[in-house]
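This report looks at one helix and then at a few unusual spots in the backbone. Please keep the structure open while reading.

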Amino acid sequence: MHALVTGSAGFIGHALSRRLLAAGFGVTGFDGLSPYYDVGLKRARHADLAQSPGFEAVEARLETPGALLDVMARVKPDLVFHLAAQAGVRYSLIDPGAYVEANLVGFANLLEAVRAHPVKHLLVASTSSAYGGNASVPFRETDRAVSPLTLYAASKLANEAMAHSYAHLFRIPTTAFRFFTVYGPWGRPDMALFLFTRKILAGEPIEVFGEGAAERDFTFIDDLIDAIVALSERPPPMPSEGGPVSVADTLSVVAPYRLVNIGGGRPVRLDAMIGALEAALGRKAERVLKPLPPGDVIRTHASPDLLRDLVGRLPETPLETGIPAFVRWYLDYYEDQ
């Protein structure tokens, strides 16, 4: 089996590629190494993957016409995992064009490449931000998602709709999954855990948005990868070939397409996360309480029912285990820099 992973130098793409390589897959990693955050960290992730003879890195951007098409024609992957994107809720207020290019133009190019070179299963990353202003919790995949609060969220909702249309028109088995605040070793420097760790170690104050009361459904990276790999083994069937697996299922009535939350369904207050980080670091943080910035939501809370029905297990690593694992990686990695 061969997998193509877009965004392989990113946090989740790197972790997924490692898992696939360990399982005996050949993996082609496709990544443009954008400068949104530290390119050195991205190159270190690719260098880590390159220790496996089954890994090939392709440095190119999805927005470039034909770039992915050529790679697909050459490697003929069985599975495509699409993780490349312009990420970040707040950055979409600064550079909206980056989201149009990477998340809309780039994704359209990916769909055309998969159309030209069909695969057994296309798996597409989306986000809990797609739930936007939805006030009903927990967030269920069957909820209407029509109130995105940022262009980032809107672009990922568009990706879900685009993927469904291609699944319908060209019979491409497709699973889209919405992530919930993923964290862990090799994480993203723009996310709160990474920022807080750096500032606490430097003796600098941390900005706590939502005054610590905001809640997030944190997902440890290993749990997330477990779920992605398990879902990859369950491509949605054609509507004529099988029905929903449960009342919670989102299997399309016109396409081999399914949308799944990947979250444990156990939101944690931000101030509790900071407490766990302080314990792992052995240092107290100086907290500056601030209101939520535009585009942020007060709470994310996944309904885990469909994920449980599909793969039989849920993300379960507690912060008290996951945060120390991140801190150990952070100290080891930056000690060598």
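What covers the buried residues of helix α4? The cover includes β1 (2-6), α3 (67-75), β4 (79-82), β5 (121-127) and α5 (151-170). This is a predicted model.

The buried residues of α4 are Ala-98, Tyr-99, Ala-102, Asn-103, Gly-106, Phe-107, Leu-110, Leu-111, Ala-113 and Val-114. Helix α4 itself runs over residues 96-116 and has 21 residues. From first C-alpha to last, α4 reaches 30 Å, close to the 30 Å expected at 1.5 Å a residue. Yet α4 has a kink of about 25°. The kink is centred on Gly-106, one of the buried residues of the helix.

Next come the backbone details. The peptide bond from Val-137 to Pro-138 is cis. Its omega is near -5°. Pro-138 sits in the loop between β5 and α5. Both β5 and α5 also help cover the buried residues of α4.

Two residues have a positive phi although neither is a glycine. The table sets them out.

| Residue | Phi | Loop | Relative accessible area |
|---|---|---|---|
| Arg-171 | about 55° | between α5 and β6 (174-179) | 43% |
| Glu-211 | about 55° | between β8 (206-209) and β9 (215-216) | 52% |

How do these areas translate into exposure? Arg-171 is partly exposed, because its relative accessible area is 43%. Glu-211 counts as exposed, because its value is 52% and exposed means over 50%.

Technical notes. Residues numbered from 1 in each chain as written. Predicted model: local features only at pLDDT ≥ 70, side-chain atom pairs only at ≥ 80, totals over all residues. Heavy atoms only, no water. Helix = DSSP H or I, 4+ residues; strand = E, 2+ residues; numbered from the N terminus. Expected span 1.5 Å × (residues − 1). Bend = angle between axes of the 7 residues up to and from the residue. Buried < 20%, exposed > 50% of the residue type's maximum accessible area, 1.4 Å probe, protein only. Contact = heavy atoms within 4.5 Å.
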